[in-house]
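This report describes the enclosed space and the charged side-chain pairs of one protein model. The structure is shown first, and the text follows it.

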Amino acid sequence: MVLVLFISGFLITRCMTKEEEKTGVTENRKGQAFAGSASCAGCHKDLYQKHLQTAHFLTSREPQASYIKGNTDPEHNKYFYNQSVVVAVEKRTDGYYQVEYFREAEKKARRMDLVIGSGTMGQSFLNWQDQKLFQLPITYFTAANQWSNSPGFPDKVVFNRVITSRCLECHTSFMKIVSEPGTEPESFDRNRMILGVDCEKCHGPAAAHVAWQTQHPNDTMAREIINPGRFTRQQSLDLCASCHGGRLQKLTPSFSFTAGDALKDHFIVDTTAPDPSHIDVHGNQYGLLRASPCFRNSLTMTCTTCHNPHEKEKGNVTLFSARCKTCHQEVHVNSKQRNELALVGKDNCIDCHMPLKASRAIAVQLEGNAAPVSALIRSHYISIYPDETQKILQQFRERTVKKK
């Protein structure tokens, strides 16, 4: 009897697995089913269309021509390691490839299966080998508008850098891990992935919500969905810090954290007072913000105080400066500089108080450069930078003289 029940249970489980495979259901670790962000468009068309343009949504995509920022023209599609070794990005019949040549003879070619990065700073490219992902050797570096050696790679062609679930946890909304815990490299189900940081990354898996709203179209209570607008301050910060909190050490498997969870339940969190001089401008924006006087003097400030995650706002210093002025109405400087800074800061508080800084984490090797070139990223340590202020003032004075 026990054997019969065991066999019956096994067969039912197998049938459910087969049914899941047939229907394409993707569930998170809590068993909650995803709907896909396109399902949000029916009721939230405006927000959905705006979100499609954001760096979050574009942080991982399939390699369509519209998503690849680097030049693939034969005159500009190469990175030369030396006179004999070159890697080129080429369009072939079944997709884009990175191809290694030695003295003009093809040595190895790997397809670019995923694009990682919106192109704000750059883009890297991943290749599927069976169920494993590997980073390809050259990267597009936006600041120089050219191909480069991928960040952190040695000065030689490397095709076997493993991509981990922790990398994917911040560049996708979900990736189903199918290998046993502790297996390296990890294996993933490419049919159970949700690319980009989309609606369900912050609002949670939405299949139940979509089903409810479809059956109850007049219900305006937004059931079966997470509303980050109702989070406590720490919940809101934890959601952003899960990816913008530096190199966090995991306590639970990747993709266990869900919006609304406490970060400390999933990662080892450093609760000491952060030293901004030791924090790189890439990756740990939360640490820099937490060290800022603005943050420490506020009981309510979070990342969304300044950032609207639904819209593309990158580079709009006027918009961000207007948000600064909701708390800061005056320019606190000596009388000699007050008038000049009042004019400069009328539409731009950001360049003085959140200047662009060179990242130690994102530095790439460009052709003809002896040393790696760093990406310039806006610091989230909001403070007074006298040198930056003087530089901005000098530029303002030079522009004023030219106008005269």
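By class, ten nonpolar, five polar and four charged residues line the largest cavity. Here Ala, Val, Leu, Ile, Met, Phe, Trp, Tyr, Cys and Pro are nonpolar, Asp, Glu, Lys and Arg are charged, and the others, Gly among them, are polar. The model is predicted, so local features need pLDDT of at least 70 and side-chain atom pairs count only at pLDDT 80 or more, while totals for chains, interfaces and linings use all residues. Residues are numbered from 1 along each chain as its sequence is written, and side-chain values use heavy atoms, with hydrogens and water left out.

**The cavity**

A cavity is a set of points, on a 1 Å grid over the protein atoms alone, where a 1.4 Å probe fits but cannot get out; lining residues have an atom within 4 Å of a point. The count comes to one cavity of 30 Å³ or more. The largest cavity holds about 230 Å³ of space, a volume being the space filled by probe spheres set on the grid points. Its lining has 19 residues, and Ser173, Lys201, Phe257, Thr258 and Ala259 lie nearest the centre. At least two lining residues come from each of α3 (165-171), β12 (172-177), α4 (199-203) and α6 (233-244). Helices (H or I, at least four residues) and strands (E, at least two) are DSSP runs, numbered from the N terminus.

**Salt bridges**

A salt bridge is a side-chain nitrogen of Lys or Arg within 4 Å of a carboxyl oxygen of Asp or Glu. The model has 14 salt bridges, including the three tabulated here.

| Pair | Closest N to O distance |
|---|---|
| Asp219 and Arg223 | 2.5 Å |
| Arg323 and Glu313 | 2.9 Å |
| Arg378 and Asp351 | 3.1 Å |

How accessible are these side chains? Buried means under 20% relative accessible area, exposed over 50%, and partly exposed in between (1.4 Å probe, protein chains only). Asp219 is buried at 17%, whereas Arg223 is partly exposed at 38%.

In the pair Arg323 and Glu313, Arg323 belongs to helix α9 (residues 317-324) and Glu313 to the loop between α8 (293-296) and α9, so the pair ties together parts ten residues apart in sequence. Arg323 is partly exposed at 22%, and Glu313 is buried at 8%.

For Arg378 and Asp351, the pair ties together parts 27 residues apart in sequence, because Arg378 lies in strand β17 (residues 373-378) and Asp351 in helix α11 (residues 350-353). Arg378 is partly exposed at 22%, and Asp351 is partly exposed at 24%. Salt bridges that share partners also join Asp46, Lys50 and Glu311 into one network.

Methods:
1 Å grid on protein atoms, 1.4 Å probe; cavity = no way out; pocket = protein on both sides within 12 Å on 5 of 7 lines; lining within 4 Å.
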